Amino acid sequence: MIPPQYAARAAELAKGISAIAARLPRDWPKEHPPANPACEASTVSAKTGEQKYG
Amino acid sequence: MTDHMHAFCMQSGYPTIASALAAMAQGRVTAADMLEACLTRITALNGTLHAVHHLDAAGARASRDAGALAGIPWGIKDNFDVAGLPCSANSRLRAGRIAAKDAPIVSILRQTGAPLIGKLATWEYGTGTGAEHFDLPNPPARNPWDTARFTGGSSTGAGVAVATGMTLFAIGSDTTGSVRLPAAATGCCGVLMTPGVLPMAGGLPNTYSMDRPGPITWTAEDAAIVLDAMLGTQLRAAGSAGAKGLRVAVVRDPGPGLPAAQAELAAAFEAGLGVLSRLGARITDAKLPWPASTCLDAARVIGAAESASIHEEELRKSPELMGAALRDKLFAGMGISAVDYLAAQRLRRAFTEAMERFWDAHDVVLCFGTLHLPPRLGVEPESSNYTMETMLTPASLAGLPALVQCTGFSDGGLPLHWQIMTRQGNEAAMFRTAMAFEGATDWHSRRPT
């Protein structure tokens, strides 16, 4: 998926962000859910599915 | 703001919105005068500062001249649609794109009578890594306090335009600091409201779950005026109630992995606390449920993953058309596992719920925004550190209202700042704090020359 000329850079950056993610606390009770990532003010109309930008 | 300060602002040639409205009401200037003054400043300064991407002088002159903000010129970040104007978002991927209709936030502001002068500078698609690679279609905006320095981003033109009087207010968008960082870097006031209060629709998304539009003004009072005109709120009146009795939680420690705030920021912060204390605020030291550094980690994971999802097709098909900062952020996002993304969203829920309990004992939080002075543009790691080493992400994660305002100037003449946060729906307390501080200090009499 990532063009080959960028593969090395992408791998380096992925390693960096994975290290950041590894610092996040993980000791939640099993029933503790994630936040809902649905945007409060969506850029897509819920009614029509129309994308509201040009 | 006092009558004396209003008079000063008008005489200095840098009117605030409050002083301009007063002057127009008294017949001392006209709406046309105000607009032409701003257009003259743009002509004089934009070749150096690059704050305006698309100027629409004719459109501004044709604006309706009635309404609460008639005669108050403004600009909007070039990631929002304005009918008939380019919406390039400073990206080669969007070259030639003309918006068919106004974003809702533009429509709201048109009803206030405020003349829109055009589109303001932004990082590509309103995002990046904090690094400046000088590889976008438009040259980077320059900080008017020192043109070798960064303006704060990603709403890079908004603070510059307001600080220099090119416009009297601007609308930017903020995911993890893109309204608040430009305000901090240029001495302006930047405001985030409770999510959903101001519409983000019609703005190119950076993330699905953290983007918010927000005004940038010269003073907190001006921000209240703009928001009152847009929303029918009474923030200017509420903010005039003073700081007496406000429960102010002070959070100085950003947490592990982040540096302490630079000394001049810290000194201005402490001096500002003294001002609020003398005004009757009840100040206590406090800790957030999770430190700002942990919130930053979660926001980086969520932000990069969601940005990569939004731009996945473009990244796959045309990465060479992207600037390096956007491409790097998206590559990082592509490397995040679903489990890591959900770990960040689980922390986010826990943090949001804990903050709801936090407000039982406090009305506002005072903390830093970024931990650095405005950096030299393109100098690493200064530039990235300014954007990434911040205390801005707790408000991003929990959807808290937040306001950044000027608290003074460094020995080198660079703006200093602090950040005020409050619980959702309690913007009045945030404005009481900011306007009380503003009324007791005179930092706003200084403008870039």
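Helix 11 (residues 292-310) and helix 14 (residues 338-358) of chain B pack at an angle of about 130°, and their axes are 9 Å apart. Helices here are DSSP runs of H or I with at least four residues, strands are runs of E with at least two, and both are numbered from the N terminus. The axes are lines fitted to C-alpha atoms over the stretch in contact, with angles running from 0 to 180 degrees between N-to-C directions. Helix 11 and helix 14 of chain B are therefore oblique to each other; angles under 35 degrees count as roughly parallel, over 145 as roughly antiparallel, 65 to 115 as roughly perpendicular and the rest as oblique. From helix 11 of chain B, the contact uses B:Cys295, B:Ala298, B:Val301, B:Ile302 and B:Ala305. Helix 14 of chain B brings residues including B:Tyr341, B:Leu347, B:Arg348 and B:Phe351. Two residues are in contact if their C-beta atoms, placed from the backbone, lie within 7 Å. By class, this helix pair's contact has nine nonpolar, one polar and two charged residues. Ala, Val, Leu, Ile, Met, Phe, Trp, Tyr, Cys and Pro count as nonpolar, Asp, Glu, Lys and Arg as charged, and the others, Gly among them, as polar.

A word on the model: it is predicted, local features need pLDDT of at least 70, side-chain atom pairs count only at pLDDT 80 or more, and totals for chains, interfaces and linings use all residues. Residues are numbered from 1 along each chain as its sequence is written, while chains are lettered from A and ligands numbered from 1 in the order in which they are written.

Now for the backbone of chain B. Most residues other than glycine have a negative phi, and most peptide bonds are trans. Here are some exceptions to look up:

| Feature | Place | Value |
|---|---|---|
| cis peptide bond | B:Gly153 and B:Ser154 | omega about 15° |
| cis peptide bond | B:Glu380 and B:Pro381 | omega about 5° |
| positive phi | B:Ala89 | phi about 50° |
| positive phi | B:Asn90 | phi about 55° |

B:Ser154 sits in the loop between strand 3 (116-120) and helix 6 (158-163) of chain B, and B:Pro381 in the loop between strand 9 (364-367) and helix 15 (382-388). You will find B:Ala89 in the loop between strand 2 (74-77) and helix 5 (104-111) of chain B. B:Ala89 is buried, with 28 other C-beta atoms within 10 Å. B:Asn90 lies in the loop between strand 2 and helix 5 of chain B, and B:Asn90 is buried with 25. Buried means 20 or more other C-beta atoms within 10 Å of a residue's own, exposed 12 or fewer, and partly exposed in between, with C-beta atoms placed from the backbone.

Finally, the two chains meet through 32 residues from chain A and 42 residues from chain B. The chain A side divides into 21 nonpolar, six polar and five charged residues.
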